[in-house]
Structures are given as C-alpha cells and as structure tokens.
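User: I'm new to reading protein models. Could you pick one part of this one and walk me through it closely?

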Amino acid sequence: MTSMEQSAPVFDAKQLDKLRVLEDEKDPHVVVDLARGFLSRSPERMDQMRKLLAAGDAARLANESHGMASSSGMFGMMRVRQLCKALENLVREQGLAGAGEMLDEVEREFTRARPLLVAELGLQD
C-alpha cells in the first residue's frame, strides 16, 4: 500500500451526512437513490477512463478523473477520491505515463470501498 493510500480512509460515512440534508418526508431515500446511481455508473465510468487512456486522450481522462473524484468523495470513498485527484493532476501535468497503474489503484480502492457504502446504506449487493 502506498503512502497515498494510507493518508485517507477507505470509507468515511460522515460524508453521507452532507447528502442527507437533501432528504425530507416527501423523499426520504434520496441518498440511497443517488448512491445506487453512483454505484451502477462507476464501473462504466472506469471503463471509459481505460478507453480514454488507451486512446491517448489525456484531457478527457483528466476530466473523467475529476468527475469521479467528486462523486467518490460525496459518497465517502475517500481513497478513491484521493487517487482520482492524483490521476487528474498526473495527467494534466505530466501526461499519460503512469496513468494505467494509478487507474489500477482507483479500481482496487473502489472494490474495497463499495461494500462499505453498500452496508452503510443497507443496500442489497
């Protein structure tokens, strides 16, 4: 495990509290619904990031990494967020060298954090 991976928790349930302010009596399951969407779209998003890397499209890979970082952070996947930000910065500043390995780390951390989010929200996996 790299020092980057150790500097943020795999999952921080307190991040979900920021989203829970959206819930009310009319729509008490907003966070669960949003999380389901995030979880269902994330594998496709990471596949898209792989395709952009293979195509050599650094600008779009950086944009996708930025979006994935934001979404991951909202749902408490703090290492995924941190790694996506690092991937974005790497690609913007230095190009695609090393981006594949970093994307591997993103996918590993997503796999680790996913069941924690699922359990926190009481979702079926």
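Analyst: Sure! One term before we start: two residues are in contact, or "touch", when they have heavy atoms within 4.5 Å. Also keep in mind that this is a predicted model. The protein averages a pLDDT of 94, and 95% of the residues score at least 70. Confidence is lowest in helix 1 (residues 3–6), at a mean of 50, and highest in helix 4, at 98. Over residues 1–5 the pLDDT drops below 50, though that stretch still has eleven contacts in the model beyond near neighbours in sequence.

Let's zoom in on helix 6, which covers residues 99–121. How far apart should its ends be? With 23 residues at 1.5 Å a residue, the helix should span 33 Å, and its end C-alpha atoms are 32 Å apart, so the two values agree. Helix 6 does have a kink, though: about 30° at Ala113, shortly before the proline Pro115. Just past the end of the helix, Gly122 takes a positive phi of about 70°.

Now, which parts of helix 6 are tucked away? Its buried residues include Met102, Leu103, Val106, Phe110, Ala113, Leu117 and Leu121. There are also two glutamates on the buried list, Glu105 and Glu109. Take Glu109: its relative accessible area is 2%, and since buried means under 20%, Glu109 counts as buried. Its side chain is joined to that of Arg112 by a polar contact of 3.0 Å.

Next, follow the nonpolar side of the story. The largest nonpolar core has 36 residues, and Phe110, Leu117 and Leu121 are among those with the most contacts inside it, along with Leu39 and Met77. Helix 2 (14–20), helix 3 (30–55), helix 4 (58–74), helix 5 (78–94) and helix 6 each give two or more residues to this core.

Phe110 is a nice place to stop and look around. Leaving out residues up to four places away in sequence, Phe110 touches Phe38, Leu39, Ser42, Met46, Met68, Met77 and Val80.

Let's hop across to one of those partners, Phe38, which sits in helix 3. With a relative accessible area of 5%, Phe38 is buried too. Apart from residues up to four places away in sequence, Phe38 touches Ser71, Ser72, Phe75 and Met77, plus Phe110 and Leu117. So what about a residue such as Ala62? Its C-alpha atom is separated from that of Phe38 by 19 Å, and the two residues are 24 apart along the chain.

Technical notes: Residues are numbered from 1 along each chain as its sequence is written. This is a predicted model: local features need pLDDT of at least 70, side-chain atom pairs count only at pLDDT 80 or more; totals for chains, interfaces and linings use all residues. Side-chain values use heavy atoms; hydrogens and water are left out. Helices (H or I, at least four residues) and strands (E, at least two) are DSSP runs, numbered from the N terminus. The expected span of a helix is 1.5 Å times one less than its number of residues. The bend at a residue is the angle between axes fitted to the seven residues ending there and the seven starting there. Buried means under 20% relative accessible area, exposed over 50%, partly exposed in between (1.4 Å probe, protein chains only). A nonpolar core is a set of buried Ala, Val, Leu, Ile, Met, Phe, Trp, Tyr and Cys residues joined through side-chain atoms within 4.5 Å. A polar contact is a pair of N or O atoms within 3.5 Å; within protein, one must be able to donate a hydrogen and the other to accept it, and residues adjacent in sequence count only if both atoms are side-chain atoms. pLDDT is the predictor's confidence in each residue, from 0 to 100.
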